[in-house]
Amino acid sequence: MLLSVEGLTIEAGGRRPILREVSLSVGRGEIVGLVGESGSGKSTIARSVLRLLPAGARVSGRVAVEGEDVLTMGQGALRDLRASKVSMVYQDPRSSLNPVRRIGDFLTERMVRTLGRPKAEARTRALELLDAVGMRDPGARLRQYPHELSGGMLQRVVIAAALAADPALLLADEATSALDVTTQAETLALLRRVQAERELGMLFITHDLHLAAAFCDRVHVLYAGTVVESRPAKELFADPRHPYTAGLLACTPELGDPRPIRPIPGRPPSLDDAFTGCPFAPRCPEATAACEEEPPRPVAVSGGTAACRLVEA
Ligand SMILES: Nc1ncnc2c1ncn2[C@@H]1O[C@H](COP(=O)(O)OP(=O)(O)O)[C@@H](O)[C@H]1O
Ligand SMILES: [Mg+2]
């Protein structure tokens, strides 16, 4: 397995863990979605794959990339992991780019510094990469500054940089969330194309369940730092089994959907909200008193699992 996360728990001083017993995997050539509201722990999972952990965090469980244990590997192996095995693309491309450095410097400096490529070779590779992400006139782009390019073009540059070291795994953390719809569609098409061409594994993080269901092979739904449902994308969308997943779909209707919009009552929990039972119980339309007693275990459902007592029954 390319990425394997098993029972990952991260505590950083709040009344409850940031992540509790999170398990997921990404195979080569597979797009796996990670969906949840803001604060559910999506970015913390992505960052833990690069061993970027909250300061002073207590961590248990296992994170492995190509079988190597990320949480315990030595500094050399960790450098290698971050430089060439796993790349991350963030929501805001401007946060990755230095505004006073040219696009060409951004692309080539990384290759020279972290991969030890000679400068001329790095420049040739930068031109190839810009071409691969569909940018016209790559030579002229290398001389431009970030402010001269649109957000969509900058995200292409960041994706080009992410591909520079031929990684096996791409972590896309809300990589298209800040883009307007047409640019989002172009960027999704680009991600899908480079993913397929290079047989990349991709962890695709979004707060948008409809988008994840359309873009991914499998989807994990996260709530308050726990995975509440893991299913093949089509099944999750057609037949959600966890009340939270069903609630997310019901409050974001699609065009032509005759069902009424039903917002999930209440608000997402913070780290100060601790739970003895199911974290979703306080907002769940189907919860009973028993749901508050102990955390539900993941139960096998068609194609995956759902962590809900009502599914067990
Ligand atoms: N370095 C950190 N130290 C303490 N708490 C953190 C840290 N990083 C994230 N958190 C908390 O962990 C929770 C999950 O955050 P995050 O993973 O960024 O969620 P998401 O990406 O789903 O919005 C939030 O409550 C956030 O405040
Ligand atoms: Mg995030």
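The following exercises, each with a worked solution, concern a predicted model of a protein.

**Exercise 1. Determine whether the radius of gyration of the protein agrees with that of a compact globule.**

Solution. Begin with the chain length, which is 313 residues. For that length, a compact globule would have a radius of gyration near 20 Å. The protein has 20 Å, so the two values agree. Next, consider the extent along the principal axes: the C-alpha atoms fill a box of roughly 65 × 50 × 30 Å. Finally, turn to burial and contacts. Of the 313 residues, 50% count as buried. Among contacts with a separation of 6 or more, 62% link residues 24 or more positions apart.

**Exercise 2. Establish the strand order of the eight-stranded sheet and identify the strands at its edges.**

Solution. The protein contains eleven helices and twelve strands. Eight strands form an open sheet with mixed pairing, and their order is β6-β7-β8-β3-β9-β10-β12-β11. The edges are occupied by β6 (86–89) and β11 (298–301); each has a single partner strand, so one side of each is left without a neighbour in the sheet. On average, neighbouring strands are turned by 20 degrees against each other, direction ignored.

To examine one pairing, take β3 (residues 31–35) and β8 (residues 201–206), which pair in the parallel sense over five bridges. Within this pairing, valine 32 has leucine 203 of β8 as its bridge partner.

**Exercise 3. Describe how helices α6 and α7 are placed relative to the strands they touch or cross.**

Solution. Helix α6 (residues 151–163) packs on the sheet and touches β6 and β7 (169–173). The direction of α6 makes about 170 degrees with that of β6. Helix α7 (residues 181–198) lies across β3, β7 and β8. Relative to β8, helix α7 runs at about 160 degrees.

**Exercise 4. Decide whether glutamate 229 is buried or exposed, and characterise its surroundings.**

Solution. First, locate the residue: glutamate 229 belongs to strand β10 (residues 226–232). Its relative accessibility is 0%; since buried means under 20%, glutamate 229 counts as buried. Second, list the polar contacts of its side chain. One is with the side chain of arginine 231, at 2.6 Å. In addition, a polar atom of the glutamate 229 side chain lies 2.8 Å from the backbone nitrogen of histidine 242. Third, leave aside residues up to four places away in sequence; glutamate 229 then touches residues including Val219, Val221, Leu236, Pro240, Thr245 and Ala306.

**Exercise 5. State which residues UniProt lists for the ABC transporter domain, and give the helix and strand content of that span.**

Solution. The unreviewed UniProt entry lists residues 3–249 for "domain: ABC transporter". This span is 41% helix and 24% strand, and its end C-alpha atoms lie 28 Å apart.

Definitions and conventions
Residues are numbered from 1 along each chain as its sequence is written. Chains are lettered from A and ligands numbered from 1 in the order in which they are written. This is a predicted model: local features need pLDDT of at least 70, side-chain atom pairs count only at pLDDT 80 or more; totals for chains, interfaces and linings use all residues. Side-chain values use heavy atoms; hydrogens and water are left out. Two strands pair if DSSP finds at least two bridges between them. Helices (H or I, at least four residues) and strands (E, at least two) are DSSP runs, numbered from the N terminus. Axes are lines fitted to C-alpha atoms, for helices over the stretch in contact, and angles run from 0 to 180 degrees between N-to-C directions. Contact means heavy atoms within 4.5 Å. Buried means under 20% relative accessible area, exposed over 50%, partly exposed in between (1.4 Å probe, protein chains only). A polar contact is a pair of N or O atoms within 3.5 Å; within protein, one must be able to donate a hydrogen and the other to accept it, and residues adjacent in sequence count only if both atoms are side-chain atoms. UniProt positions are given in the numbering used here, feature names are shortened, and annotations may be inferred rather than shown by experiment. The radius of gyration is taken over C-alpha atoms; the globule rule is 2.2 Å times the number of residues to the power 0.38.
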